[in-house]
Amino acid sequence: MNYNVVKIEFEKAPFAKYKCVLNVPYSDEYSETLDSMSVVIKHIDSKLDINPFDVVYIYRGVVKGGTILNPTYTDIKWKEMLVDSVSMLRKRYGNNTYYEYTLKLMSETKWLEKIQLPNRSFTHALGGKLRDAYETIKDLMTYVPKVIRDNEETPLITISEDVKRRFSNLSMKDMSLNKPTLRQALTAVISQFGCFPVGNNK
């Protein structure tokens, strides 16, 4: 079995899986929170609707039965990722046209590095209360772009209830950030309490 061959499915077009090839070595960092990969979908006879931030599912085949010489496989979901970028190549063979797509994929945590923030300062008035860590996290999450899912506009990433419980009513130190990414800003807040930001699949 060729472990570089996987299948991909798009959240907005379920039930259609496309065979693809890993274009570059899969990068797995920090317990899978900063994963990235590139895949190529070849020989498609119609255009695909693929956009940055689309959610995709990556499947790998595992042996289900059969014999050593003729095994049978079943698809098992391996990764859930986001489209970072997409390029399309059009090819003609006689009267037929085919399309080839190269997708760069990233994890949700890796995606946090793509969001650039302006200079931000989080301070409290002299003699006043320190800023609440959870309220600051909510402030930072307003920079998350929104996408259309089920005909509704929704943030691509939201704050979990675990985050609310962990950081509510915790006073944070004052800080100033020079054009941080969203990941850097979130890290600056929650690292004060021994934590780091991680994006979990739905």
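Two strands are said to pair if DSSP finds at least two bridges between them. The structure shown above is a predicted model, and the pairing of its strands is a suitable place to begin.

Strand β6 (residues 96-106) is joined to β3 by seven bridges, and these two strands run antiparallel. Within this pairing, V40 has T102 of β6 as its bridge partner. Strand β5 (residues 71-93) is also joined to β6, here by eleven bridges, and the two again run antiparallel. In this second pairing, L82 is matched with M106 of β6. β5 and β6 form a hairpin with two residues between them. In the turn, G94 has a positive phi of about 65°.

Attention may now pass to the aromatic rings. A pair of such rings is described by the distance of the centres and the angle of the planes. Four aromatic pairs are found in a search of the whole structure. One of them consists of F53 and W111, whose centres are 5.6 Å apart and whose planes stand at 85°. Because planes over 60 degrees apart count as edge-to-face, this pair is given that description. F53 belongs to the loop between β3 (36-44) and β4 (55-66), while W111 belongs to helix α1 (residues 108-111), so the pair ties together parts that are 58 residues apart in sequence.

Are F53 and W111 buried or exposed? F53 is partly exposed, with a relative accessible area of 28%, whereas W111 is buried, at 0% relative accessibility.

Aromatic rings also meet charged side chains. The charged end of K17 sits over the ring of Y59, 4.0 Å from its centre. K77 lies over the face of Y57, at 4.1 Å from the ring centre.

Note on methods:
Residues are numbered from 1 along each chain as its sequence is written. This is a predicted model: local features need pLDDT of at least 70, side-chain atom pairs count only at pLDDT 80 or more; totals for chains, interfaces and linings use all residues. Side-chain values use heavy atoms; hydrogens and water are left out. Rings of Phe, Tyr and Trp (its six-membered ring) pair if their centres lie within 6.5 Å; planes under 30 degrees apart count as stacked, over 60 as edge-to-face and the rest as tilted. Helices (H or I, at least four residues) and strands (E, at least two) are DSSP runs, numbered from the N terminus. Buried means under 20% relative accessible area, exposed over 50%, partly exposed in between (1.4 Å probe, protein chains only). A charge sits over a ring if NZ of Lys or CZ of Arg is within 6 Å of the ring centre and within 35 degrees of the ring normal.
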